[in-house]
Structures are given as C-alpha cells and as structure tokens.
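Biologist: I would like to learn how to read a model of this kind feature by feature, beginning with the backbone and ending with the empty spaces inside. Could you take me through it?

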Amino acid sequence: MKCPPFSYHRATSVDDAVAALAAAGGEGKILAGGQSLVPVLALRLARPDVIVDVDRVPGLDGLELRDGVLHAGALVRHLALAGQALHPLAAEAARWIGHTAIRSRGTLAGSLAHADPAAELPAVLRACDGAVHVAGPSGTRRIGADDLFVGALQSALEDTEMITGVELPVPDAWGFAEFARRHGDFAVVSVAAARFGDRLRVVVGGVAGVPHLVDAGDLATVDGEISEDRVAILAAAAADDVDPADDLHGSARYRRALTEQMTARALEQLTTTVREPA
Amino acid sequence: MTPTDEHAPASGTPVRRKEDARLLTGRGRFVSDLALPRMRHVAFVRSPVAHGRITGVDTAGALEVEGVSAVFTGEHPAIAPVALRAQSGLPGYVETDQPPLARGKVRFAGEAVAAVVADDRYLAEDGAEAVVVDYEPLTPTVCAWAEPEHPVHEEAPDNVLLSRTFRAGDVDAALDGAAVVVDRELTTNRHGGNPIECRAGVARYEAADRKLTFWSGTQVPWIVRTQLAELLDLPEGNIRVIAPDVGGGFGVKAVLYPEDVALCLMAMAMPGTPLKWVEDRVEHLLAATHARDHRYVLRAGFAADGELLAVKADVWCNTGAYSVYPWTAGIEPLMAGGLLTGPYKLTDYECTVRGVATNTSPSGPYRGVARPSTVFAMEALMDSGARALGLDPIALRRRNLILPADIPYKMPSRLVDDSGAYEACLDKAVATFDLDRWRAEQSRRRTEGGRPIGIGVGVYNELTGLGRAASAGPRMAFRTGHDACTVRINPDGAVTVFSGVTSQGQGLETTMAQVVADALGVDYGDVEVRYGDTDESLWGFGAFSSRQAVISGGAAHLAGEHVRGRALALAAALKEAPVEDLDLRGGEVYMAGQEKPIISLAEVARVAYLQSDRLPEGFEPGLEGTKFYDPIRGAFAAGAQIAALEFDPATGEIGILDWVCVEDAGRIVHPVIVDGQIAGSIAQGIGGAMYEHLVYDEDGNLSTGTLLDYLMPTAGEIPELRIGHVSTPGKNPTGVRGVGEGGTLAPNAVVAGALADALGVEVDDLPVTPARVWELVNP
Amino acid sequence: MKITLTVNGERHRVDVEPRRTLSDALREDLGLTGTHVGCEHGVCGACTVIVDGLPARACLMLAVQADGGSVDTVEGLADDDGTLHPLQEAFSRCHGLQCGACTPGMLMTAAHLLDTEPDPDRATIRAEMSGNICRCTGYLGIVDAVADAAAHRRARPEEAS
Ligand SMILES: Cc1cc2nc3c(=O)[nH]c(=O)nc-3n(C[C@H](O)[C@H](O)[C@H](O)COP(=O)(O)OP(=O)(O)OC[C@H]3O[C@@H](n4cnc5c(N)ncnc54)[C@H](O)[C@@H]3O)c2cc1C
Ligand code: FES
Ligand code: FES
C-alpha cells in the first residue's frame with residue numbers, strides 16, 4: 001500500500017495552483033487535507049502525474065458571516081467547522097466526521113470535492129442550498145449545491161479547477177441525524193434538515209450516488225412550527241422518495257427505514273433549534 | 001512490590017510487566033522495525049481472480065522498473081520444487097499441495113503469484129504493478145455447502161478435504177424418546193485475527209556457512225524452524241528463527257505461510273541480501289488466514305424436565321483454498337465436532353464434520369478455534385429447548401452442566417473434562433450481573449415503554465494446555481504436548497531464563513519471570529527472560545490453544561526448582577550446613593531458625609563459575625538447568641458470560657448495557673494480565689458477533705478489503721466489561737488454567753440469545769448487525 | 001525533495017520522494033520506529049502523531065507536507081532521563097497495553113486529549129479514543145489508564161507539562 005510515483009507542487013496561491021493543474025493537462029490532482037486522497041493513492045486507485053498541494057495556500061481558512069450566509073474558505077478544517085458557532089448545522093455535522101486526527105487535517109472543500117455520498121458536509125451543503133466558488137484556467141465560477149454532486153465520488157469540477165470558497169446559508173432552524181455502524185464511521189444514512197423561512201429542505205446521505213434532496217412537494221412548505229404528525233408524515237415521505245440499493249451494511253428496505261427514522265429525528269431536532277434573530 | 005513485603009512471592013501479584021518499558025517508549029523490537037545492511041524489500045503480486053489457470057506471467061516490464069533487482073514466480077527454479085503439504089494420518093483426509101507462489105493455477109483472490117525484490121517497498125510495489133499475469137478463469141466455489149463446478153483441487157472432486165463422524169450412544173433412539181425435539185440451522189460469519197501488526201518477515205541467507213536467519217512475527221518459531229528445515233532441505237541447526245516483539249497474533253501467526261517460505265527461498269537464491277516483507281492491511285484481509293465460516297444443521301432432544309438427551313449435528317467448515325500449513329483442514333471441523341457439546345452432559349451424540357475447500361483465503365487457527373461457532377450452536381439449542389419446554393433458559397443450562405461430582409467427565413467425543421466449575425462460574429456471573437434487577441428492568445420497559453432489553457447467556461469450556469494425550473492438531477507428524485525452559489543463574493547471581501514461549505502481547509516475559517522467581521527464590525526484578533529465538537532457548541511449540549502459561553509455565557517452574565536444588569546443595573556444602581535446613585528467598589540463602597542469610601546466591605554463583613577450587617568434590621561447575629514439561633492431558637477452563645442488551649426495533653441499533661464474565665483461570669500468576677486476556681478476547685468475540693465479517697461476492701472477490709468495510713470494534717463499542725473469577729487450580733506445577741481464548745467463545749451466543757429474549761426472534765445467521773436485527777423484526 | 005522536520009524538538013534534514021508518507025519517513029529515514037503502521041489508510045490510528053500541535057495520521061500525510069513543521073512522536077514522551085510521562089506510567093499500571101502495536105497511537109491520542117480536556121469522563125475518553133483500534137486489550141485497561149493519568153495530573157499539576 002504505497003502511493004504510486006508522482007511529482008509534487010506546493011502551491012503558493014490559488015493562481016499558482018490553477019496554473020499547475022493546467023500545466024498538468026488533466027493529470028494533476030489537488031491535495032488538501034489528504035484524508036481521502038492519500039488512501040486512494042495508497043491503494044493505487046488513482047495515479048496522477050502531479051500532486052498540487054494547496055494545503056498551505058494562504059487566506060483560504062477564513063470563516064465569515066455575511067447577510068445570513070457563512071463564507072468559508074476551502075481549507076477550513078473539519079475541526080474548525082465543528083468548533084464555530086456561526087453555522088450550527090455545519091458545526092453539528094462536522095462533529096460526526098471521523099475522529100479528531102481526521103478532523104484536524106480534513107478540509108471543507110476536500111470533502112465537497114471528494115463527493116462521497118455518505119459524507120456529512122455534502123449533505124449539509126445541499127440542505128442549505130449552498131454553493132462553491134471555483135477557480136479554473138478560464139476564470140472563476142460558482143456552482144450551486146444542486147449541481148455540484150454528479151454521482152458517487154464525482155463532482156461537477158473540471159480536472160483543472162479548484163474550489164476556493166464555500167457559501168453556506170444559515171438556516172432559521174436545523175436538524176441533523178445520523179446512523180453509523182461505529183463511532184466516527186461514515187453514515188449508513190444521515191439526514192440534514194434546514195428551514196429557511198417557510199421552506200424546508202431535507203437531504204438524505206447514504207441512499208444514492210449523491211446526497212438526496214427529498215422532494216416532499218407541498219409538505220416542504222411549513223409555517224414555522226412543525227407538529228409531531230407533520231414530522232411523521234414528512235419522514236414517511238422521505239422514505240418513499242429515496243431509492244437506495246442493497247449493500248454490505250444493509251438492504252434497500254433497511255436504508256429506507258433508516259431514512260424515515262433519521263428524518264424524523266432531524267426534524268424533531270429542527271423544531272427545537274430555531275435561530276435567535278441576530 | 002512494596003519494600004515491606006520483601007521476598008513475597010511474585011506470583012499472584014500485578015508486578016510491572018517487563019515488556020512495558022520498551023513498548024511504551026517506542027523502543028519495541030518488532031520485525032517490521034528491523035533494518036539490516038544491504039536489505040531489500042519484497043512485494044507480492046496477488047491474483048485478482050478467485051479461480052483460474054495461469055496462462056502466462058511476463059516479468060520483463062517489472063525488471064525494467066528502477067530499483068527492482070529480481071522477480072520470482074512459481075516456476076522459478078528456486079521456488080518450483082517446493083510445496084507446503086499439511087499432513088495428517090486421519091483416515092480419508094485428502095492431502096493437497098500449496099505452492100509458495102502459485103503454479104499453474106490460482107485458487108483464491110489474493111493468492112501470491114509472483115514476488116518482486118527492490119530497494120524499498122515503494123519500488124517493489126511499482127515492480128509488482130508491472131508484472132503481467134494472464135488467467136483463464138474457472139468458475140469459483142465460495143460457499144462450502146454448495147456443489148462445485150470446478151473443484152479447487154483435482155484430488156478432491158467434491159471439495160471435501162476431510163470428513164469425520166463423532167458418535168456416542170444411540171442418537172436416534174434418544175431422539176425418539178425425547179419430550180421435545182428442536183431443530184436449528186445456523187451459519188457463522190467468516191472473520192479473522194487482524195492483529196495491529198500484520199505479518200512480517202526478514203530472511204537472510206549466508207552461503208558461506210549455509211545459515212538462514214528468519215526474523216518472523218510468528219507465534220510458533222520452533223515449528224517454523226522444523227518445517228523450514230524440511231522444505232528448504234537445510235539442517236535444522238542451520239536455521240535460526242527469531243520472533244522478537246510481535247504486534248498481536250491471535251492464531252493468525254501460528255501458521256507457516258507460503259509467503260514465509262517464498263521469502264526464505266528467495267533469500268537463499270540471493271545469498272547475503274536480507275529480504276524484508278511486511279504485509280499491509282489489504283494483503284492481510286485478502287490472504288492471511290480467515291476463520292469461522294461454518295454451517296450447523298442441528299437437532300436436539302430434551303426430556304420434559306429439561307435433561308438434554310441427544311444432539312445430532314451436521315457441520316460444514318469452509319477451509320478455503322488450502323489445507324492450512326501445518327495444521328491441516330481439520331483444525332476447525334475436528335474442534336467443532338470434539339467440543340460442540342461443551343460444558344453439558346450428554347451420552348447420545350452424533351456429529352458429522354467436514355472441511356470443505358473453496359476459492360477463498362485459507363481458514364486457520366483463530367482465537368477460540370471453531371468454539372465461538374459451536375458455543376453459539378449449543379446455546380441456541382439450549383435457548384430453543386427452553387422455549388419449547390417453557391423453562392427458564394438458565395435453569396435448563398444448570399440442569400445439564402457437568403458438575404464437580406462428575407469429574408473426570410468423559411465427553412461424548414471422548415475428551416476428558418477435568419473442570420466442572422461451570423455452575424460456579426454461572427452462579428457468580430448471575431450474581432455479579434444481578435439478574436433479578438435486569439429482569440425487573442426488562443419487564444418495566446415492557447409495560448412502561450423504552451427500548452426492549454434482552455438477556456443473553458453463554459457457558460463454555462476452554463480446552464487449554466493440551467498435553468500429548470490431547471495434543472492440538474489432527475494426527476500430524478508432531479505432538480504439541482511439551483515445552484522446555486532453561487534457568488541459568490549468572491556468575492553475579494542474577495537469573496536469565498531461556499524460555500520456549502513466544503509472546504504477542506500476552507505478557508509471557510513477565511509471567512515466566514514470576515514463575516521462575518518464585519520457584520527459584522529470587523526477586524522478580526533479578527530475572528530476565530529471553531524467548532522467541534530458536535538459537536537461545538531449547539524448545540517450545542509456541543502460542544496456540546491457550547497452552548503456554550500451563551506448559552511453558554510448568555517447565556519454567558520445574559527448571560527453577562531444579563536449579564534452586566543445585567544452588568542450595570552448593571550453599572550447603574560451602575557452609576557445611578544440612579541442605580534440608582536451607583531455604584532460598586530473595587536471592588539469599590537462609591538457615592532454619594536464623595534471621596540473617598548465611599550466604600547470598602551471588603556468592604554461591606561466583607563459586608559455581610569462577611572459583612572451582614571451592615567447589616565440593618564431584619560438583620559440576622555452573623548453575624543451570626533445563627526441564628521439559630508435558631501435562632499429558634489438558635486443563636479445561638470453565639467460563640460463563642451474561643449480558644443485557646437493548647435493541648431499537650426501528651433502526652436495529654444495539655446497545656450493550658452490561659456484560660459480565662466469570663472464568664476459572666485456576667491459580668492466577670498475574671491478575672491484571674489475566675483480566676487483560678479475558679477482556680481482549682471478549683472484545684474480539686463481540687467483534688465477531690456484531691461487526692466483523694469477511695464477505696466474498698459470487699465471483700470470489702473479497703468485498704470487505706479495507707478497514708472501512710471490515711469493522712473492528714473500538715473503545716466506542718466495547719462496553720465496560722465486568723470480569724470475575726472462580727479458582728480451581730489445575731493439575732500442573734503452577735496450578736494455572738489457560739485464559740487466552742475463553743472470552744471469545746460466548747459473545748455470539750450472548751448477543752443472539754439477548755436478541756431472542758428481547759424481541760422473540762431467533763437469529764440463525766451471524767453477525768448480529770443492526771440491519772440483521774431490523775430485518776428479523778420486519779420480515 | 002529535501003525537507004526539514006523538527007521531530008521531538010530535534011531538527012532533521014531528509015531527502016524523500018514526494019510520495020513517501022510521514023510515517024515511512026519517520027520509521028525508515030529517521031529510524032524512529034516507535035510510530036507504528038497498522039493499516040496505511042487512516043483507520044486504525046496506530047500511526048497517530050502530533051503535527052504542529054494537533055493529532056494527525058502519519059500514514060495520511062506526505063512527508064513533504066510536514067516540511068518545516070514540528071512532529072511529536074512516542075519517542076518524545078518520556079523525559080530525557082528516562083522518566084516516563086504520566087500516561088506511560090498509567091498505561092503500565094492499568095495494563096493499557098499488551099502487544100504494544102497500537103500503543104504509540106493510543107498514547108499520542110490520549111496526550112492530546114488530556115491537553116485539551118483535563119477532566120474527561122469515561123464516555124468522553126471512549127469517544128475520543130475510538131479512532132484507535134486495539135486488538136488486544138478490549139480497551140478496559142486503556143480507558144482506565146487515560147482516566148488514571150488525568151486524575152494523576154489533576155492531583156499534581158506541576159508534572160503536567
Ligand atoms: C478514518 C477516516 C474516517 C473518515 N470518516 C469520515 C466521515 O465519517 N465523514 C466524512 O464526511 N468524511 C470522513 N472521512 C474523510 C474526511 O472527511 C476527508 O477529510 C474529506 O473527505 C476530504 O478532505 P481532505 O481535505 O482531506 O481532501 P483530500 O483528501 O486532500 O482530497 C480529497 C479529494 O478532493 C479534491 N480536493 C481537495 N481540495 C480541493 C479543492 N479545494 N478544490 C478541488 N478539489 C479538491 C482532491 O483532489 C481529492 O480528489 C474520513 C477519513 C478517514 C481517513
Ligand atoms: S496506519 Fe495510519 S491509521 Fe492505520
Ligand atoms: S496492545 Fe496489541 S493492539 Fe493494542
């Protein structure tokens with residue numbers, strides 16, 4: 001389990017990183033916290049020519065709240081995200097990621113770019129209808145959460161693009177629930193729920209190639225309070241809406257049942273986490 | 001030890017472990033750490049297909065990779081003549097060959113096909129990637145109870161390598177006479193040892209004197225030496241096997257692997273160049289031995305009062321692609337048939353066991369060998385019987401336990417049980433656990449709501465310290481009943497022990513020092529123990545079957561006593577005192593009735609080595625002695641575990657609320673080490689019962705190839721275990737009974753029993769995962 | 001690539017391939033084999049070291065990523081005169097180790113835990129130590145040891161540094 005050979009470029013700025021990726025002509029790979037990429041390399045499941053290490057690019061670890069949106073730099077570590085109070089849903093979700101030694105290195109953009117369907121932060125990005133800022137050879141662009149995740153471990157990023165920042169709108173109320181096999185494991189099923197005004201967004205992780213945004217139709221319009229009955233109906237609707245596959249950790253039927261349970265738990269929490277007016 | 005209890009015995013006290021100082025400071029000496037001049041590194045090319053003919057191996061590309069110095073395949077002249085052939089005299093056993101590197105055919109995904117030698121492991125892996133192997137696939141067989149399309153070995157067209165029926169009494173008649181008959185069909189999940197240090201070896205061959213040194217993370221260095229001598233055609237004295245600190249074993253390292261043999265053969269082909277192979281975790285999951293992939297079809301008959309009348313069983317054990325060397329494919333099936341009835345009295349028994357080859361990684365010894373599965377099977381019968389009879393499951397067990405009055409008890413498999421402490425263990429476990437309190441909480445939740453609670457029980461016997469009459473392994477070319485120990489008093493009076501033990505964490509360096517210190521009469525701190533090196537110590541079969549504390553401990557005690565006798569005899573002569581009045585304590589010789597020592601052991605030793613002019617007539621210089629010990633039979637160790645688990649029917653989530661284990665370890669040499677063995681083995685048992693599962697798909701690919709899918713329990717999953725003891729000393733010099741494996745035996749039964757108790761569903765297939773719980777509750 | 005690592009306070013210059021992991025650089029290039037590897041994919045925790053003050057998996061960092069940084073390993077825990085760190089003492093006292101393969105990672109994880117949370121309860125200890133697999137102990141002795149070391153430290157704060 002040793003990485004295949006590659007050459008190494010330690011980027012000093014976003015421009016430098018993008019230039020290095022462009023020079024690699026699609027055979028370059030960004031390295032941030034390394035908590036997903038290094039195992040992939042060690043298993044020789046990828047063999048990039050060039051590793052572009054962005055870990056030390058200055059100015060990408062900021063956390064700033066502007067107009068109800070948390071603007072986070074690409075290199076914000078899971079540990080920092082878990083420790084901030086500006087976006088409580090992101091903080092709660094980040095606490096569920098692995099262990100301290102993983103959270104100390106792993107980055108927000110790394111998790112989003114890696115696009116693991118069972119990962120917490122992609123589900124949060126989607127629940128909050130957030131977006132990423134991307135720099136590439138032809139300039140910058142913004143990709144909304146609904147467009148970022150294309151399939152399991154597949155994002156809409158080009159090989160030569162880099163996420164520089166993340167927009168995470170802060171919901172008026174939120175809830176997060178997860179079922180994992182062991183302490184710190186990737187979710188079997190996780191649910192992130194966020195309410196913005198009267199709109200509810202419920203996202204289920206672990207049931208499809210991408211974090212699944214539940215289509216709850218009219219049920220997604222709520223007037224502040226969500227009754228116990230409404231929670232049950234929404235949870236059942238979420239379970240109906242997902243289409244998971246059988247795998248090692250459970251059958252499709254089981255994942256559907258977990259979806260219902262986790263949705264209910266997340267929504268119950270959501271009813272208790274109304275944001276104080278700033 | 002505190003200064004006040006000067007010269008108190010070391011045994012029975014939690015002295016500081018001798019191995020701790022180096023292991024805590026990063027100064028351990030593991031094979032993985034070894035660096036030698038001119039050393040090169042090996043990576044194996046492993047088969048991606050489960051079953052197929054090798055139609056071509058092209059190594060040219062690999063030889064061009066920078067840093068690669070050699071590539072070996074199964075056809076290489078250094079490798080081709082050698083095969084590992086696990087031998088047994090059992091009737092009907094089909095012997096098969098296992099090549100060090102696959103030859104002609106691959107039989108499981110992960111089998112080593114070629115090996116690349118390079119300057120470092122990175123380059124070796126680059127080389128391994130560049131080896132091109134062509135395969136013509138054959139249909140693989142993954143399941144041991146399915147018809148093969150293409151047999152794994154030509155010699156066994158039905159894949160059955162071994163089959164044997166254990167028979168006692170008349171089972172059919174007994175079943176006819178039973179008040180109730182229960183049937184169960186069970187499978188247990190394949191899993192494995194996964195020590196934190198994977199397998200590791202360094203082999204160095206010096207052509208000038210034809211000497212091979214093999215540093216190996218093995219549990220069985222002497223067996224390795226004997227087998228290597230035969231396979232490599234070297235005199236046994238020319239081979240030195242060294243097992244220094246070994247990062248866990250659990251049985252997985254009690255095997256001589258094809259990779260080990262390949263490494264030595266390659267080293268012999270490259271004299272003067274030490275070759276190092278450190279297995280990585282992916283290789284370990286793929287190709288180190290697995291275990292416990294079994295099926296049990298069971299029928300039991302009970303009398304109306306709960307007496308167990310008959311057990312009839314059909315057992316299939318998946319032995320994987322090769323008969324594990326040198327233990328053979330019999331290791332699991334024979335243990336299953338021999339120990340199935342466990343701690344219960346039974347006269348009418350019939351059990352047919354089979355070892356069936358499949359295209360999966362070979363099965364080998366893993367802590368508890370087969371008994372985690374058989375205890376699950378037997379306790380499932382007990383629980384089903386209790387339900388059918390409307391009896392309390394614990395009362396039903398009690399009704400059938402082998403009691404002290406029954407000892408020695410001849411089990412239906414003709415093994416002789418010398419324990420009888422089962423009820424004592426069960427009683428103490430039930431009391432410690434506070435069964436009444438948990439039953440009350442259980443019914444409170446039933447009426448008032450809350451997650452359902454279930455109580456699970458497992459009672460078991462651990463067969464430990466097997467002597468020649470009960471020796472581990474099926475009619476093999478060697479009998480594993482004895483070990484040796486040499487005790488040497490150095491010229492300065494300090495003691496060096498050359499023990500036949502090996503240690504993978506069991507603290508045997510400490511335990512042997514305690515035993516020798518007490519047998520000899522010196523302080524624990526003055527005893528140094530050398531072990532795991534075939535050039536230093538005389539003999540030890542190694543670590544398996546919870547044997548070393550009993551057998552090597554016995555040898556250490558006898559050798560210590562012997563040397564004590566010599567030292568006292570010399571002291572008596574020097575001091576002109578009657579030897580029967582002398583006593584050796586804390587390294588000083590005392591005369592009965594005198595408070596002050598009359599001579600120190602150091603002075604006695606100085607005379608023995610350096611002042612032959614003072615030696616009495618006929619006294620041979622030196623103070624040293626070697627003794628073998630063989631307990632002839634074995635020591636059965638009783639144990640019982642009981643636990644309360646809660647289940648969430650909506651998610652299948654399982655919570656362990658309390659877990660109590662009581663074992664009979666006989667006389668305890670080091671209480672903390674003993675509890676550590678028990679806790680560690682329960683944790684592995686819980687892992688097997690709830691988390692760990694090596695899953696093959698139909699094509700024979702391992703689906704759980706990394707630790708992201710192969711889940712071992714962490715501190716977050718293992719509960720606060722409560723461990724208690726009863727003590728009936730074993731009939732051996734130190735009175736101990738083995739404790740290495742017992743803990744693993746019950747968790748399958750406990751967890752499955754608790755689930756049935758909580759939710760009324762019988763679980764037939766392990767592991768008990770949340771998904772399984774949910775599926776059973778929501779069929 | 002030539003890099004500089006300050007390991008346990010001592011500066012080292014090493015020349016490594018970019019693909020070399022920090023764990024391999026420590027073990028193979030610096031001869032500091034106290035840091036163990038048990039999986040090389042981030043799960044077992046045996047390789048856990050402290051990098052610039054935070055615990056990290058040495059198997060998931062390229063050595064070049066630690067260039068110029070400081071790394072603390074198990075070899076640096078005890079004093080130069082051989083006096084054991086309170087955690088090492090507690091691990092020995094409570095039998096928090098058997099084979100010793102997981103021990104370096106356990107100690108470094110626990111050291112960081114006690115630096116950030118001087119009075120952890122057993123549930124916290126279990127949660128924080130759950131990123132490290134031990135195959136031998138069943139965790140009983142490990143949890144005891146961490147709790148014991150914490151208590152010891154609170155009782156004698158002057159030894160804590
Ligand atoms: C034992 C273990 C347990 C874990 N448990 C969890 C868990 O429970 N939940 C969870 O969500 N995650 C878990 N992770 C993964 C962890 O969260 C990773 O940190 C994360 O997935 C990737 O972040 P990184 O910064 O480490 O990215 P890297 O590993 O450096 O990179 C990951 C991928 O993202 C790309 N990338 C990185 N940064 C950028 C960028 N700025 N722009 C474009 N592409 C980029 C890389 O090229 C690469 O393809 C676990 C990891 C381990 C080892
Ligand atoms: S070796 Fe790094 S986590 Fe296992
Ligand atoms: S002590 Fe052996 S793995 Fe923990």
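Modeller: Let us start with one residue of the backbone, bearing in mind that this is a predicted model. Ala115(A) is placed in the loop that runs between α6 (108-114) and α7 (120-127) of chain A, and its phi is near 55°, which is a positive value in a residue other than glycine.

Biologist: Which peptide bonds are cis, beginning with the one that leads to Pro326(B)?

Modeller: The bond from Tyr325(B) to Pro326(B) is cis, and its omega is near -5°; Pro326(B) itself sits in the loop between β16 (308-320) and α8 (331-339) of chain B. A cis peptide bond also joins Ile407(B) to Pro408(B), with omega about -5°, and there the proline belongs to the loop between α10 (393-400) and β18 (409-410) of chain B.

Biologist: Turning to annotation, what does the UniProt record place on residues 1-173 of chain A?

Modeller: The unreviewed UniProt entry carries the annotation "domain: FAD-binding PCMH-type" for that stretch of chain A, and such annotations may be inferred rather than shown by experiment. Within the model, residues 1-173 of chain A are 31% helix and 27% strand, and the C-alpha atoms at the two ends are 44 Å apart.

Biologist: How is chain A divided by the domain assignment, and how do I read a contact between two of its domains?

Modeller: The assignment gives domain 1 (7-53), domain 2 (63-169) and domain 3 (173-270) in chain A. For a pair of domains, one can look at the distance between centres, the residues in contact and the buried area. The centres of domain 2 and domain 3 of chain A, taken over C-alpha atoms, are separated by 20 Å, with 25 residues of domain 2 and 23 residues of domain 3 taking part in the contact. About 2,000 Å² is buried between these two domains of chain A, and carbon and sulfur atoms give 66% of that area.

Biologist: And what are the domains of chain B?

Modeller: Chain B is divided into domain 1 (3-28 + 482-629), domain 2 (34-138 + 196-248 + 253-287) and domain 3 (370-466 + 635-777). Between domain 1 and domain 2 of chain B the centres, again over C-alpha atoms, are 39 Å apart, and 23 residues of domain 1 are in contact with 18 residues of domain 2. The area buried between them is about 1,500 Å², with 51% from carbon and sulfur atoms.

Biologist: How much area is buried between chain B and chain A, and between chain C and chain B?

Modeller: Chain B and chain A bury about 2,300 Å² between them, 58% of it given by carbon and sulfur atoms. On the chain B side, Thr651(B), Leu711(B) and Trp774(B) supply 20% of the area buried against chain A, more than any other three residues. Chain C and chain B bury about 4,000 Å², of which 56% is on carbon and sulfur atoms; in chain C, the residues that lose the most area to chain B are Arg19(C), His95(C) and Arg135(C), together 20% of what that side buries.

Biologist: Finally, how many cavities of 30 Å³ or more does a search of the whole structure find?

Modeller: Rolling a probe the size of a water molecule over the atoms shows where empty space is left. Here the search finds nine such cavities, and the largest has a volume of about 150 Å³. It is lined by 19 residues, of which Gln98(B), Phe108(B), Pro258(B), Glu259(B) and Pro362(B) are the closest to its centre. By class, the lining of the largest cavity has 15 nonpolar, two polar and two charged residues.

How values were computed
Residues are numbered from 1 along each chain as its sequence is written. Chains are lettered from A and ligands numbered from 1 in the order in which they are written. This is a predicted model: local features need pLDDT of at least 70, side-chain atom pairs count only at pLDDT 80 or more; totals for chains, interfaces and linings use all residues. Side-chain values use heavy atoms; hydrogens and water are left out. Helices (H or I, at least four residues) and strands (E, at least two) are DSSP runs, numbered from the N terminus. On a 1 Å grid over the protein atoms alone, a cavity is a set of points where a 1.4 Å probe fits but cannot get out, and a pocket is an open set with protein on both sides within 12 Å along at least five of seven lines; lining residues have an atom within 4 Å of a point. Grid points are joined across faces, edges and corners, and a volume is the space filled by probe spheres set on the points. Ala, Val, Leu, Ile, Met, Phe, Trp, Tyr, Cys and Pro count as nonpolar, Asp, Glu, Lys and Arg as charged, and the others, Gly among them, as polar. Domain bounds come from an automatic or database domain assignment. Contact means heavy atoms within 4.5 Å. Buried area is the accessible area (1.4 Å probe) that two parts lose on being put together, summed over both.
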